[in-house]
Amino acid sequence: LSVVDDADIAETRQSRYYQNEIRNWLNRHQPGMDTFDIHSQGDLSTYTCPELLSKSNNSAQSSQQSSLVGDRIESNLQLTEEVRQFREKEHGYQQELQRLNQKNQRLIVEIEQLKQLSQNRDQVLDKNYLLTRNRFLNSEVVRLSSKWQDEQSQYVQLSRRVIDLEAQLDQFKQQYVYLLQSCIRIPVCERHSVELVEVKLFGGDVHKKRVCQLLDEARRIDPTLPTFDSLTSGNSHVDLYGFRHSYAEESLALHYICTQLHQHYQSQLTAQQQHRHRWKLYLAQSKNIFINNKETRALVRNGIPSAYRSTVWRCLIHQQVVDYKVKYGKYYYRNLCSSQGSADVEFSTVHQKQIMLDLLRTMPNNVHFSSPTCKGVNQLQTVLRAYCLHNSTIGYCQGMNFIAGTCLLFLSPEDTFWFLVALTEKYFVSSYFDNSLTGAQADQEVLKDLVAHMLPGLAEHLEKCDIDLATVTLNWFLALFFDAVPFQLNPIAFNAIKPYQTEVEIAVQIGLLAISEPPP
Amino acid sequence: MAAGPYNYSYIFKYIIIGDMGVGKSCLLHQFTEKKFMADCPHTIGVEFGTRIIEVSGQKIKLQIWDTAGQERFRAVTRSYYRGAAGALMVYDITRRSTYNHLSSWLTDARNLTNPNTVIFLIGNKSDLDAQRDVTYEEAKAFADENGLTFLECSAKTGENVEDAFLETARKIYQNIQDGSLDLNQADSGVQPKQLPRTTPAGGGDAKQCNC
Ligand SMILES: Nc1nc2c(ncn2[C@@H]2O[C@H](COP(=O)(O)OP(=O)(O)OP(=O)(O)O)[C@@H](O)[C@H]2O)c(=O)[nH]1
Ligand SMILES: [Mg+2]
């Protein structure tokens with residue numbers, strides 16, 4: 001529209017310009033004709049000059065005047081001619097103007113139309129396009145969402161299956177390592193002594209590869225597990241308790257790994273985790289005072305989690321000897337340690353020498369007990385010496401060193417000392433470790449009777465071989481199963497015994513022996 | 001069993017006695033495994049080992065009982081003397097006290113075994129000559145006095161270990177040959193393989209124990 005405006009303005013300007021031209025011209029030629037008004041007169045063709053007409057009519061007589069008039073007429077005619085030309089010109093312009101105006105108008109309309117058209121077209125296009133597109137998209141959404149739902153339910157199913165399979169796999173792993181673990185045997189071969197064991201695994205290195213793979217996985221969770229190399233390369237693997245493990249034979253190393261893996265898998269079970277949790281709650285609740293009730297027994301029987309073992313042992317020991325501690329005073333153990341010896345010098349030197357002989361023969365394969373300078377060895381010596389000073393009637397009995405050594409892996413020397421006291425003076429009758437091991441021997445007879453009664457097959461077999469059951473079981477009693485069961489199990493046996501009495505020990509023995517009972 | 005590769009004619013029962021830490025278990029291990037077991041916990045009660053040897057072309061299975069040396073375990077180990085054909089009495093040449101106790105061990109051995117039991121005296125740890133506390137001559141004199149065979153051995157190097165065990169077996173075998181050892185006696189410590197002691201009357205299918 002602005003274009004049209006501009007054209008309009010330009011045209012108006014042009015017409016003004018011509019009007020001014022005309023006025024100037026008139027002024028130049030008829031300076032007196034001021035009254036001449038183009039606008040009021042309108043068309044110049046109708047213009048008459050009354051003054052001129054009357055003048056020519058009135059002065060026709062005079063020749064002079066006539067020549068003047070002639071001149072005037074002449075110029076008048078010229079003017080008229082000029083006016084006419086102008087008028088034509090102007091007319092042309094006006095026509096031109098009109099034409100342009102019309103053109104302008106047309107363009108405006110056209111633009112208007114185009115505008116509308118384009119608007120309409122947009123609208124029409126949009127609507128249809130969007131409608132179809134929408135419809136398509138909607139259907140797509142519906143399709144995908146149903147597909148998604150399908151996938152979702154399939155996913156749920158699959159993930160359930162994955163969980164099932166994983167559980168199954170875990171179980172298989174556990175059973176697999178347990179199976180390999182069970183492959184150990186003592187060959188009944190005349191050449192060898194009984195300590196020799198062998199593990200036969202068939203299938204080339206299939207098992208080695210598999211076990212190592214499982215081990216790698218497990219080590220990501222528990223880095224304290226051994227590596228295959230550390231067990232076989234000569235420089236041994238040291239376990240959690242400080243025991244060295246080194247194997248000349250690969251199969252035996254694999255066997256050991258399997259025992260460790262089995263234990264690891266066991267500890268990962270939810271039942272175990274719940275068990276640990278129950279212990280945590282129990283300890284918080286009981287404020288470290290244990291009452292011999294059903295709950296305590298059930299918890300102890302299922303094993304004390306290693307994280308709480310020290311605490312629980314300490315408390316159980318303390319409970320047993322709390323009256324002694326009151327009687328002897330707070331510094332009793334410390335005083336014993338710094339004491340110069342008992343009155344009976346010979347007695348104490350004999351015991352001292354015997355203790356010295358056994359210090360390095362207690363846990364030679366444990367890093368805490370393997371050389372005279374080890375902390376464990378020194379502590380062991382202090383504890384055993386203190387015990388001899390405390391109870392000179394019993395003194396040092398071989399077996400105490402195993403018990404004390406095991407305790408020292410978890411407890412302070414003082415607690416260990418009190419455990420020896422509790423064990424020899426509370427749990428067992430005092431004759432148990434005495435100079436002729438009367439109590440221990442009596443228990444062997446009790447056990448023999450029980451075995452004859454409960455495991456007749458085994459009793460008969462031993463009888464036939466002329467082997468006294470005590471050959472096997474005496475040290476189980478005296479050293480609390482120290483070398484009878486794998487060390488990992490040993491603390492469990494310890495645990496089981498603590499809150500009870502000798503009966504438990506006998507029960508454990510029968511349980512162990514029952515494994516050897518031939519099937520009926 | 002009769003034609004098995006480890007067939008043998010006799011079982012000889014041995015006991016090893018002596019003070020704590022003289023090296024009884026190491027001697028047994030050296031004899032059965034031909035290895036020195038440096039890291040070995042002490043013995044509680046009794047331990048057990050076997051090996052088959054050959055004497056005069058006869059295969060003999062040695063059944064060896066290794067006892068705990070601590071005094072108070074004697075109450076337990078005494079029951080193992082009964083029926084021992086051979087007794088190895090060990091002391092430690094670097095510790096005189098272990099030598100001094102020999103008479104007490106010998107008394108036990110004499111009282112608790114049968115008169116034909118062969119008692120062999122071993123002075124162990126002969127590799128530790130620098131720390132020697134008991135001379136060879138002194139011990140030899142003691143052995144002669146008491147009618148014992150004597151050798152100094154080392155469970156560590158294996159020196160004379162084989163000889164001590166074999167010599168004892170030879171003496172027992174000789175006793176069998178010359179009839180001084182009565183095989184029918186229950187506590188002879190020698191068990192002929194062919195005559196299992198617990199064969200039920202008329203029971204030809206008696207199971208042979210493998211120990
Ligand atoms: N140098 C050296 N050391 C030995 C020898 N025999 C044994 N030992 C060491 O002496 C110590 C005692 O050996 P053991 O075989 O356990 O002694 P034991 O007589 O069985 O002792 P108990 O079982 O307590 O009666 C160990 O530390 C052995 O390493 C030997 O021939 N030479
Ligand atoms: Mg021993």
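In this predicted model, B:K125 sits in the loop of chain B that runs between β5 (118-124) and α5 (136-145). B:K125 isn't a glycine, yet its phi is positive, at about 70 degrees. This lysine also counts as buried, because 27 C-beta neighbours fall inside 10 Å, and 20 or more are needed for that label.

Chain A offers a residue with a similar story. A:L437 is found in the loop between α15 and α16 (438-454) of chain A. Its phi is near 50 degrees, again a positive value in a residue other than glycine. A:L437 is buried too, since 25 other C-beta atoms lie within 10 Å.

Stepping back to the chains that hold these two loops, chain B has six helices and seven strands. Walking along its sequence, those elements come in the order β-α-β-β-α-β-α-α-β-α-β-α-β. Chain B has 211 residues, and 45% of them count as buried. Its contacts reach across the sequence as well: taking those with a separation of 6 or more, 72% join residues 24 or more positions apart.

Chain A is built from 20 helices and four strands. Buried residues make up 20% of its 520 residues. For the contacts in chain A with a separation of 6 or more, 64% link residues that are 24 or more positions apart.

A:Y265 gives a concrete case of such a link. This tyrosine belongs to helix α7 (residues 250-268) of chain A. A:D170 is 95 residues away along the chain, but the C-alpha atoms of A:Y265 and A:D170 are separated by just 7.9 Å. Setting aside neighbours within four places in sequence, the contacts of A:Y265 are A:D170, A:K173 and A:Q174. A:Y265 has 20 C-beta neighbours inside 10 Å, so it counts as buried; the cut-off is 20 or more.

Further along chain A, helix α13 (residues 375-390) packs against helix α14 (residues 400-408), with the two axes 10 Å apart and at an angle of about 125 degrees. That angle is why α13(A) is described as oblique to α14(A), and the crossing is right-handed. On the α13(A) side, the contact involves A:G376, A:Q379, A:L380, A:V383, A:L384 and A:Y387. Facing them from α14(A) are A:M400, A:N401, A:A404, A:G405 and A:L408. Sorted by class, the residues of this contact are seven nonpolar and four polar, with no charged ones.

Helix α13(A) has another partner in helix α15 (residues 413-427) of chain A. Here the axes come within 9 Å and cross at roughly 40 degrees, which means that α13(A) is oblique to α15(A) as well. The way α13(A) passes α15(A) is also a right-handed crossing. From α13(A), the contact draws on A:Q379, A:T382, A:V383, A:A386, A:Y387 and A:H390. From α15(A) come A:P413, A:T416, A:F417, A:L420 and A:V421. The class count for α13(A) with α15(A) is seven nonpolar, four polar and no charged residues. A:Q379, A:V383 and A:Y387 turn up in the contact with α14(A) and again in the contact with α15(A).

The two chains also touch each other. Their contact uses 29 residues from chain A and 28 residues from chain B. On the chain A side, α12 (345-359), α17 (456-465) and α18 (469-478) each put in at least two residues. The largest share there, five residues, belongs to α18(A). The side of chain A that touches chain B has eleven nonpolar, eleven polar and seven charged residues.

Finally, there's the site of ligand 1. Residues from both chain A and chain B surround this ligand, so the site is shared between chains. The shell holds 21 residues, and the ones that come nearest to the ligand are B:G23, B:K24, B:S25, B:T43 and B:G69. Helix α1 (residues 24-33) of chain B gives the most to this shell, with three residues. By class, the shell around ligand 1 splits into eight nonpolar, eight polar and five charged residues.

Conventions
Residues are numbered from 1 along each chain as its sequence is written. Chains are lettered from A and ligands numbered from 1 in the order in which they are written. This is a predicted model: local features need pLDDT of at least 70, side-chain atom pairs count only at pLDDT 80 or more; totals for chains, interfaces and linings use all residues. Axes are lines fitted to C-alpha atoms, for helices over the stretch in contact, and angles run from 0 to 180 degrees between N-to-C directions. Angles under 35 degrees count as roughly parallel, over 145 as roughly antiparallel, 65 to 115 as roughly perpendicular and the rest as oblique. A crossing is left-handed if the near helix is turned anticlockwise from the far one by less than a right angle, and right-handed if clockwise. Two residues are in contact if their C-beta atoms, placed from the backbone, lie within 7 Å. Ala, Val, Leu, Ile, Met, Phe, Trp, Tyr, Cys and Pro count as nonpolar, Asp, Glu, Lys and Arg as charged, and the others, Gly among them, as polar. A residue is near a molecule or strand if its C-beta atom, placed from the backbone, lies within 6 Å of it. A residue is buried if 20 or more other C-beta atoms lie within 10 Å of its own, exposed if 12 or fewer, and partly exposed in between; C-beta atoms are placed from the backbone.
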